[in-house]
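Trainee: Please show me the structure that we are to discuss today. I should like to reason through its parts one at a time.

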Amino acid sequence: MAIFLYIKKFFISVYSIFLGFRVTLKNMFKKSVTLDYPLVKQPMKERFRGMVDLIPPDCVICYQCIRVCPTAALELAHVTKEDKKKEITKFVFNAEFCCFCGLCEEICPTDAIYLNKMYEVVYFDHQDMLSIDLMKADKYKFLNEKNPSCKI
Ligand code: SF4
Ligand code: SF4
């Protein structure tokens with residue numbers, strides 16, 4: 001009697017192995033739904049809100065982004081030169097305060113300020129995320145250096 005039970009268990013085991021292989025074979029030639037991250041990255045959606053970024057020449061120094069920001073994450077200062085032209089002396093972003101609401105982007109009349117598609121924001125010292133100089137082209141370079149897979 002025990003021998004029949006043993007044979008039955010043997011066939012059940014073999015059957016379950018083939019069942020597993022059937023699922024594997026069925027999916028083996030299908031298009032992969034996962035990405036080889038971080039070598040391959042999913043492009044972020046249009047409405048994704050990453051880090052706050054600025055196109056300095058497009059800024060007309062209207063201070064609307066400063067006024068609308070609910071967390072006071074932005075700091076702007078300027079001087080008026082003799083020829084009445086305004087010049088930005090300070091435009092910094094305190095990412096630690098930002099709630100990524102996107103209001104600054106929404107209100108900007110010239111689209112100078114925007115939220116980029118950067119999402120690999122890795123940092124070890126929270127001071128790094130304070131006073132990010134928006135006037136600098138390589139403002140987020142330090143993040144790339146700390147996390148080589150991170151690219152804007
Ligand atoms: S996204 Fe919102 S919280 Fe962040 S800087 Fe812009 S307005 Fe301020
Ligand atoms: S709202 Fe736009 S144009 Fe006005 S200060 Fe901010 S970034 Fe500059």
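The questions and answers below concern this structure.

Trainee: What should I know about the model before we begin?

Mentor: Residues are numbered from 1 along each chain as its sequence is written, chains are lettered from A and ligands numbered from 1 in the order in which they are written. This is a predicted model, in which local features need pLDDT of at least 70, side-chain atom pairs count only at pLDDT 80 or more, and totals for chains, interfaces and linings use all residues, while side-chain values use heavy atoms and leave out hydrogens and water.

Trainee: In what order do the three strands of the open sheet stand?

Mentor: Strands (E, at least two residues) and helices (H or I, at least four) are DSSP runs numbered from the N terminus, and two strands pair if DSSP finds at least two bridges between them. The pairing in this sheet is antiparallel. Strand 2 and strand 5 each have a single partner strand, so they stand at the edges. The order is 2-3-5.

Trainee: Over how many bridges do strand 2 and strand 3 pair?

Mentor: Leu76 stands opposite Phe91 in strand 3, and Thr80 has Lys86 as its bridge partner in strand 3. The hairpin of these strands has five residues between them, and there Lys84 takes a positive phi near 70°. The two strands pair in the antiparallel sense, and the number of bridges is seven.

Trainee: Which element gives the largest share of the largest nonpolar core?

Mentor: A nonpolar core is a set of buried Ala, Val, Leu, Ile, Met, Phe, Trp, Tyr and Cys residues joined through side-chain atoms within 4.5 Å; buried means under 20% relative accessible area, exposed over 50%, and partly exposed in between (1.4 Å probe, protein chains only). This core has 28 residues, and those that touch the most other members include Val52, Phe91 and Phe93. Among the elements that give two or more residues to this core are strand 1, strand 4 and helix 4 (141-146). The largest share, three residues, comes from strand 3.

Trainee: Which aromatic pair ties together parts that are 71 residues apart in sequence?

Mentor: Rings of Phe, Tyr and Trp (its six-membered ring) pair if their centres lie within 6.5 Å; planes under 30 degrees apart count as stacked, over 60 as edge-to-face and the rest as tilted. The structure holds two such pairs; in one of them, Phe10 and Phe11 have ring centres 5.5 Å apart and planes at 75°, so the pair is edge-to-face. The other is also edge-to-face, with 6.3 Å centre to centre and 90° between the planes. One partner lies in the loop between helix 1 (2-28) and strand 1 (52-54) and the other in the loop between strand 4 (113-115) and strand 5 (132-133), so the pair that ties these parts together is Phe48 and Tyr119.

Trainee: Is Ile61 buried or exposed?

Mentor: Ile61 lies in the loop between strand 1 and helix 2 (64-68). Its phi is positive, about 55°, although Ile61 is not a glycine. At 6% relative accessibility, Ile61 counts as buried.

Trainee: Which residues come nearest to ligand 1?

Mentor: A residue is near a molecule if one of its heavy atoms lies within 4 Å of it. The shell around ligand 1 has 11 nonpolar, two polar and no charged residues, where Ala, Val, Leu, Ile, Met, Phe, Trp, Tyr, Cys and Pro count as nonpolar, Asp, Glu, Lys and Arg as charged, and the others, Gly among them, as polar. Of the 13 residues around this ligand, the nearest are Cys69, Cys98, Cys101, Gly102 and Cys104.
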